[in-house]
Amino acid sequence: MVEDFSFCVIGSVLSAFRFEHETAGGCRSRCKSLVALKKIKYSVLSKMIVRSLKNCLFHLKQQKRGTRRWIVSVAILQVLTVLVFFHSSTSVSRNSLSRQKLSVYSGGIETSTNPSPSVGFNENLIVSLAEDETLHFQPVGIAPFCYVEGTDVEATLSTNSSKCVCRTNYFGHECGIPASAWHRTISKKYHRWPLKPRKVPRRIIHGLNINHETDFFRVRLEELKDAVDVYIVCESNYTAHGDAKPLYLMEKLRSGFVENFHSKIVHVSLHKFPPEGRKNGWYIDMYLRTYMGTHGLNRIRGVRSDDLFVLLDADEIPTREVLMFLKLYDGYPEPVRLAMRWSVFGFFWKRKKEKQTGFILDWLRDAMKEDSENDNEDLLQVTAVSTMNLVWKVCRNNTFLIRKDMTNYADFQERLSQYRIEGNRITPWTAGTKHHYAGYHCSWCYSPEGIRTKLLSAHADDKPRWGDFAEKLDIAYISRLIREGEWFDATHPFLMADWEKEDQYAPKFMLQHYREFSQLLYPPDMTNVLYSSNSHNRDSQ
């Protein structure tokens, strides 16, 4: 009889254990958060209790009446055993999930949760920067040290040369300097700058604010890939004008947008609009960038002083080649300006350089610039890159100051002097020239609905604020501006680009997916497609 009772207890408990292991344990392997575990808690518990009671009822029927009271007691004991076991296993699951935190690696970034798309986007992501262990420089034949991407391996081997033979648009002893940096600046300073490849690449933290430019954000991610280690993206539920709006990017990230890059995206949500922004529109521009840097950098671990911070707008996309050079080399000064191809409405229109109206000396100085050529294409030049050391010691963690080029402000000269005394080189220089751009600035490059959204989102001091004029908001009017290359003031300050001849016509990812981005790549008359909310550029949706 005792053996029967023992069999009843052991059998029921083992049955409960097997069920709990197969059900709750399996759920633990599938559920990536305690929230999901709690949802199944009570259903699993009830099933376990029912199974235990069924097992005991079976044995109860096999015994005589005199022994049934003992079996009832055993049944109670089994239920209590199941309850205790379930409680302890849930605690183990909780501890196991805690131990797994900050231990999953993806794309060179250590993330606080598993970046599997089934989990959704982690809005409170904390990342730890990992080292890039890729061998970017390798021996080629008897050439001891060549940049793999910039070296023509076949030519280097065939010539049996001890020097690297560079591919088109790469320069330097190791073939690691892209044309955009070489032609504009480095070719004239190569023998004076102590440029040398790094043993350990820098990491790049890229900060930007976003309004509704979600498609451009996707292009940025695909274009830069391994060049950028982590993105800090600040998104507010207010426009720069102070009007409430959805968090466009956050909503798309939650639905799986660019899921392969989730482990690199630190999303900073801003749920307030400072009252100063209503009186001073430029204040909000400063506030957004400052907020992005302060709250985003707090969620990144393992940052070194020689890592780089890149600050750009949502419609400014640097080239991967320039960023890789900055990652892989030492010896250049800071901060770094990027000269970008300046397109408007689409890549088929380029910004025309304004005529010089100053003194004759100004005209001569402009004519002697490195990038002066027969055409009059204008470039956008922005100070965008500095080391984290400069961010910490000179900018005092205010990343907004990178964009302002603090080297020209008297208020920062004392900090800069101390920074130089410590052995740091402060000499702003520019990467990028005509036909060898360091990036792409596509201003107002949206569908007509997207342009209308941008007009309404502009801050109060963005004068003239075209969104204040009702006729400028008409979709048919905006479509005509795009088609004819006309600005809102009825001028025509643009040049028609030649998409067949320009090597750097647009970002590579867009050219590879030209059907998807056709309305930004080709003139409206060529595509013969009306601009609408159903167009390929859905930034306004």
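This report covers the nonpolar cores, a buried helix and a helix pair in a predicted model.

**Cores.** The largest nonpolar core holds 85 residues. Ile186, Phe325, Leu326, Tyr332, Phe345, Phe347 and Trp429 touch the most other members. Helix H10, residues 320-328, is the biggest contributor, giving 6 residues to this core. Phe325 reaches well beyond its sequence neighbours: leaving aside those within four places, its contacts are Gly176, Ile177, Pro178, Ala181, Ile186, Leu195, Tyr332 and Trp429. A second core is separate and has 33 residues, among them Val230, Val268, Met388 and Tyr419.

**Helix H6.** H6 spans residues 214-224, and 10 of its 11 residues are buried, so the rest of the structure largely encloses it. Charged side chains are part of this buried set: Asp215, Arg218, Arg220 and Glu223 are included. Also buried are Thr214, Phe216, Phe217, Val219, Leu221 and Leu224. Just after H6 comes Lys225, with a positive phi of about 40°.

**Helices H15 and H16.** The two helices pack at an angle of about 105°, and their axes lie 9 Å apart. H15 is therefore roughly perpendicular to H16. The table lists the residues that meet.

| Helix | Residue range | Residues in the contact |
|---|---|---|
| H15 | residues 448-457 | Pro448, Glu449, Ile451, Arg452, Leu455 |
| H16 | residues 475-484 | Ile475, Ile478, Ser479, Ile482 |

By class, this contact has 6 nonpolar, 1 polar and 2 charged residues. The polar residue is Ser479, and the charged ones are Glu449 and Arg452.

How values were computed: Residues numbered from 1 in each chain as written. Predicted model: local features only at pLDDT ≥ 70, side-chain atom pairs only at ≥ 80, totals over all residues. Heavy atoms only, no water. Axes fitted to C-alpha atoms, helices over the stretch in contact; angles between N-to-C directions. Helix = DSSP H or I, 4+ residues; strand = E, 2+ residues; numbered from the N terminus. Parallel < 35°, antiparallel > 145°, perpendicular 65-115°, else oblique. Contact = heavy atoms within 4.5 Å. Core = buried A, V, L, I, M, F, W, Y, C linked by side-chain atoms within 4.5 Å. Buried < 20%, exposed > 50% of the residue type's maximum accessible area, 1.4 Å probe, protein only.
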